[in-house]
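Colleague: Got the model open. Mind if I fire some questions at you?

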Protein chains: 2
Amino acid sequence: MSRQHLDVDPSWAVGGKPHGGYLVRSAVEVALDAEHPHPMAVSAHYVSSPDAAPAEIDVERIRTGRRVATSRVSLSQGGVSRVEVLLSSGSWEADSTPYWSAPGGPPALPPVEDCPRVPSIGPTGRVVGYFDHVDTRLDPSSAQWAVGEPQGHAEVRGWMRRDDGRDADPLDLLVFCDALPPVTFDLGLMGWVPTLELTVLVRGLPAPGWLRVVQRARLLRDGWLDEECEVWDSADRLVAQARQLAGYRLEE
Amino acid sequence: MSRQHLDVDPSWAVGGKPHGGYLVRSAVEVALDAEHPHPMAVSAHYVSSPDAAPAEIDVERIRTGRRVATSRVSLSQGGVSRVEVLLSSGSWEADSTPYWSAPGGPPALPPVEDCPRVPSIGPTGRVVGYFDHVDTRLDPSSAQWAVGEPQGHAEVRGWMRRDDGRDADPLDLLVFCDALPPVTFDLGLMGWVPTLELTVLVRGLPAPGWLRVVQRARLLRDGWLDEECEVWDSADRLVAQARQLAGYRLEE
C-alpha cells in the first residue's frame, strides 16, 4: 500500500465542493505505472462530501498482470473516505482500428463557433470552477433550459477540450465523462445532481482536437437517475463510455 | 472487516470456472444489512480466474449513511483475489412510479413459448451450468448464430427467470445482467468473452413473473468489447442496467 498527498485544487470546485471527476482523475493518476499507463475501467463510489482541502490517496495494487493491473484506490480527508475507486489499467495503442462498431456514430453537433461556451459563473452566481479548466461548448438545441425552455429530452451534447490548449489524454476522459451540465436541467429540474457511483470505460487514446460528448438519462425513479455518457474523438472514434447513478430532488 | 466462507457451488460453473455473476451475487449478499437490504450500484473487477473451490469473502463497511451504505468486498481463494467489488446499498420501495422515462420500453419479444430454452450443455459439449439455474429463453431472431447464421447485430434478447420457481429478487438481477450468451456470437466470434469489469445499477424491485433481458455491444476494439444490458420486469419497468468490459479473441 502506498500513500500520496493531494493538494486539492480549489479552482475545480462546484459551489465550494471539489468536482467528482477531478477527484477520480487525481486518484487514478497515482495508481498507473509504466507498463499500465492508461485507465481501462474505472469504478468510483462517492462516499462522503469532499472539501477543497488536503487529501490522502491510498493505493493498493491487487494484481499486476501482463495486460491488466488491478488497483484499489481510496481518497480520504482527515481519515474519512471521500471516494473509493477500483481501477483496471493497461495500455492502449494509438490509432488502432475498431473491429466492429454499432450503427450510429458521434452526436451531430453544430460547428464549434455556433456553440456557446459554458461560463464558470452561472446566472444565479453559483461558481462551477471546472468550466475554467474544461472548455465546454454546448449545442444550443440541447441547452434550451439555459433560456428557460427545457425540452424534456434529458439529453445534453457539446464540444469539449482542455482550456490550457493541450490535447486530452486518457485521464482527461475521466473528467469529461462527468463534466456536462446535468441532463435533468432539460427536464426543468434545476438542482445539482450528486453522483453516487460513476464507471468510465476508456476505449482508446483520443486523437488530437475537439472531443464530442453526449449525455443522456434513461430513468428517473425514487430520487435516482442514470446518466449515460459517450465521448467521441476527432477521428470519429468512441473513446470513452460512462454511466453514473446520481440523486435528483424534485422542486418543492 | 468481517470474513465469511463461501462454498462455491460447482453447478454454476462455465467449463469448470464459476460464473462471474454468481460470484458477485455471493459477495454482495454478505455485505447487505437490514437498513440497506438492496444493491443500488455494484462495481466488480475480475482479478484472476476463479476455481470451483472454497472461497473467502472479506467485507469492509466504509460508511453507513441513512439512505446509502458503502462497502468494499473482496472474494479470494487461497489468499489470491478473484473479484474486487464496490457496493452502494440502500432500500428500494416496491411499486414506486417512475418520475420520467426515456422513450423506448422493454425489448419486443415473441411469446415465451416461442423462445427456446438455452440448454446447459452446448453442441460442442461445453457445460454452461448456470443455465440450469437461470431459465433463459432466447428470441430466435437474436440467436441465429445457434444455427450457424450470425446476423452481425451484436444483440441478444430473451426471457429470464429463476429455474426454481421463485420470483427474482434484486440479487438475482446481478446474475441476470451477466447471463445471456455473449453478443459476439452474433458477430460469428464463437469464443467465450471473459469479463474484466461489470457494473450493475439496480433501479427497483422486480415485479413477479418473467423478466425481459437485452444485451448489446457498441464497440469491439483492441481485443475488448462493451456489453450493455437492460432488465425489464413484467410491469414494463427498467429494473437493472449494466455494462461490462470483456475480452474477445479473433479466431485464428
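Colleague: Is A:Asp236 buried or exposed?

Modeller: A:Asp236 is partly exposed, at 44% relative accessibility. The classes are buried under 20% relative accessible area, exposed over 50% and partly exposed in between, with a 1.4 Å probe and protein chains only. This is a predicted model, so local features need pLDDT of at least 70 and side-chain atom pairs count only at pLDDT 80 or more, while totals for chains, interfaces and linings use all residues. Residues are numbered from 1 along each chain as its sequence is written, chains are lettered from A and ligands numbered from 1 in the order in which they are written, and side-chain values use heavy atoms, with hydrogens and water left out.

Colleague: What is the phi of A:Asp236, and where is the residue placed?

Modeller: Its phi is positive, about 65°, although A:Asp236 is not a glycine. A:Asp236 is in the loop between strand 14 (224-232) and strand 15 of chain A. Helices (H or I, at least four residues) and strands (E, at least two) are DSSP runs, numbered from the N terminus.

Colleague: And B:Asp95, what about its phi?

Modeller: Also a positive value in a residue other than glycine, near 65°. B:Asp95 is in the loop between strand 7 (80-90) and strand 8 (100-101) of chain B, and at 61% relative accessibility it counts as exposed.

Colleague: Switching to the chains. What rotation superposes chain B on chain A?

Modeller: A rotation of 180° with 0.0 Å of shift along its axis, at an RMSD of 0.0 Å. That is the relation of a two-fold axis. Copies are superposed by least squares on the C-alpha atoms of residues with pLDDT of at least 70 in both.

Colleague: Which residue of chain B comes closest to the axis?

Modeller: B:Ser43, whose C-alpha is at 3.1 Å.

Colleague: How many residues are in contact between the chains?

Modeller: 64 residues of chain B are in contact with 64 residues of chain A, where contact means heavy atoms within 4.5 Å. The area buried between the two is about 5,600 Å², and carbon and sulfur atoms give 56% of it. B:Trp100, B:Arg218 and B:Arg221 lose the most area to chain A within chain B, together 16% of what that side buries. Buried area is the accessible area (1.4 Å probe) that two parts lose on being put together, summed over both.

Colleague: Why do you say the copies meet through the same surface?

Modeller: Because 100% of the interface residues of chain B are also interface residues in chain A.

Colleague: What about helix 1 of chain B, how many residues are buried?

Modeller: 9 of the 10 residues of helix 1 (residues 20-29) of chain B are buried, so the helix is largely enclosed by the rest of the structure. Among them are B:Tyr22, B:Leu23 and B:Arg25. Helix 1 of chain A is mostly covered, with 9 of its 10 residues buried.

Colleague: And B:Ser76, buried or exposed?

Modeller: B:Ser76 is buried, with a relative accessible area of 7%. It is found in strand 6 (residues 69-77) of chain B. Leaving aside neighbours within four places in sequence, B:Ser76 is in contact with B:Arg3, B:Ala55, B:Glu56, B:Ser81 and B:Arg82.

Colleague: Last one. Which residues of chain B line the largest cavity?

Modeller: B:Glu197, B:Thr199, B:Leu201, B:Ala242 and B:Arg243 are in the lining, and chain A residues including A:Gln241 and A:Arg243 line it too.

Technical notes: On a 1 Å grid over the protein atoms alone, a cavity is a set of points where a 1.4 Å probe fits but cannot get out, and a pocket is an open set with protein on both sides within 12 Å along at least five of seven lines; lining residues have an atom within 4 Å of a point.
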